[in-house]
Amino acid sequence: MVIHDITIPLFPGMVSYPGDPPFQSEPVYSIDKDGYCLSRLSMGSHCGTHLDAPSHCLTGGGSVDRIPLELLIGAARVIEVAAAGSILPDHLIPKGIREGDRILFKTRNSGLLKDPMFQSEYTYLSSEAAEYLAAKKVQLVGIDYLSIDDSTSSAYSSHTILLSGNSAVLEGLDLSEVNEGDYFLVALPLKIKDCDGSPVRAVLIEGINL
């Protein structure tokens with residue numbers, strides 16, 4: 001069994017989406033003075049590798065603690081797309097996506113994600129591709145940058161389409177060391193009551209009988 005950690009580390013100065021609260025870690029207690037270490041953490045709910053809840057974009061949408069864990073654990077497909085701009089249905093049709101798949105997109109973003117400076121010209125999911133995936137009733141869509149929508153978007157159409165169709169949305173995945181293919185995904189959020197999202201620890205496992 002081989003485990004691929006596809007989570008980016010959280011640290012002060014890491015890349016964050018413009019306007020989002022940055023990650024901060026501050027020591028509160030130390031072993032020398034207090035006998036143990038404890039830190040105060042501050043971050044946005046969509047920091048680093050994270051899960052979007054429906055309430056992130058949908059009025060009255062469900063919170064992250066209500067997302068069925070069955071969406072976040074199970075067989076998943078990493079699909080490599082060479083698009084420089086948006087991912088389109090033409091990129092997806094040859095991949096033979098099936099109903100109920102969990103799809104993780106590996107793009108050129110894998111070379112951008114570790115840059116502490118936000119890169120606005122990343123590869124994103126077009127609304128047409130989101131509609132295609134929603135029609136397939138995929139359980140989950142993930143991408144290797146901080147948003148599935150274009151950085152210039154104010155409608156967040158791909159988010160809205162997928163979350164309206166009860167698909168989970170994972171963002172900020174580090175797929176740089178992962179090849180296209182079939183894996184077993186585990187991506188569990190913190191159980192934060194009534195919250196619109198949460199950081200996750202996401203892993204892909206090889207060697208499990210899918």
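Okay, let's start at Leu104: leaving out residues up to four places away in sequence, Leu104 touches Ile6, Arg77, Val78, Ile79, Leu140, Gly142, Leu173, Leu175, Leu185 and Leu204, where a contact means heavy atoms within 4.5 Å.

Quick housekeeping. This is a predicted model, with local features needing pLDDT of at least 70 and side-chain atom pairs counting only at pLDDT 80 or more, while totals for chains, interfaces and linings use all residues. Numbering runs from 1 along each chain as its sequence is written, and side-chain values use heavy atoms, with hydrogens and water left out.

So where does Leu104 sit in the bigger picture? Leu104 is among the residues with the most contacts inside the largest nonpolar core, along with Ile6, Leu51, Leu170, Leu185 and Leu204, and that core has 23 residues. Strands S5 (73-80), S10 (168-171), S11 (181-189) and S12 (197-206) each supply at least two residues of this core. There's a second, separate core of 22 residues, including Leu92, Ile103, Leu125 and Ile143. By core I mean buried Ala, Val, Leu, Ile, Met, Phe, Trp, Tyr and Cys residues joined through side-chain atoms within 4.5 Å. Buried is under 20% relative accessible area, exposed is over 50%, and partly exposed is in between, with a 1.4 Å probe and protein chains only. Helices and strands are DSSP runs, H or I of at least four residues and E of at least two, numbered from the N terminus.

Now the helices. Which residues of H3 (127-135) are buried? Ala129, Ala130, Tyr132 and Leu133. Looking down the axis of H3, they fall within an arc of 160 degrees, so they line one face of the helix; the arc is taken from the directions from the helix axis to the C-beta atoms. They pack against S6 (86-87), H2 (89-92), S7 (102-106), S8 (124-125), S9 (140-143) and H4 (157-164). Just after H3, Lys137 has a positive phi of about 55 degrees.

In H4, the buried set is Ser158, His159, Ile161, Leu162 and Leu163, and their cover includes S4 (50-52), S8, H3, S9 and S10. Then comes Asn166, in the loop between H4 and S10. Asn166 is not a glycine, yet has a positive phi of about 65 degrees, and at 59% relative accessibility counts as exposed. Asp194, in the loop between S11 and S12, also has a positive phi, near 65 degrees, and is exposed at 57%.

On to empty space. His159 turns up again here: with Tyr17, Asp20, His46 and His56, His159 lies nearest the centre of the largest pocket, which 15 residues line. Its volume is about 240 Å³, and its lining has five nonpolar, seven polar and three charged residues. How many cavities of 30 Å³ or more are there? One. The largest cavity holds about 60 Å³, and its lining includes Tyr17, Asp20 and His46.

For the method people: on a 1 Å grid over the protein atoms alone, a cavity is a set of points where a 1.4 Å probe fits but cannot get out, a pocket is an open set with protein on both sides within 12 Å along at least five of seven lines, and lining residues have an atom within 4 Å of a point. Points join across faces, edges and corners, and a volume is the space filled by probe spheres set on them. For the classes, Asp, Glu, Lys and Arg are charged, Ala, Val, Leu, Ile, Met, Phe, Trp, Tyr, Cys and Pro nonpolar, and the others, Gly among them, polar.
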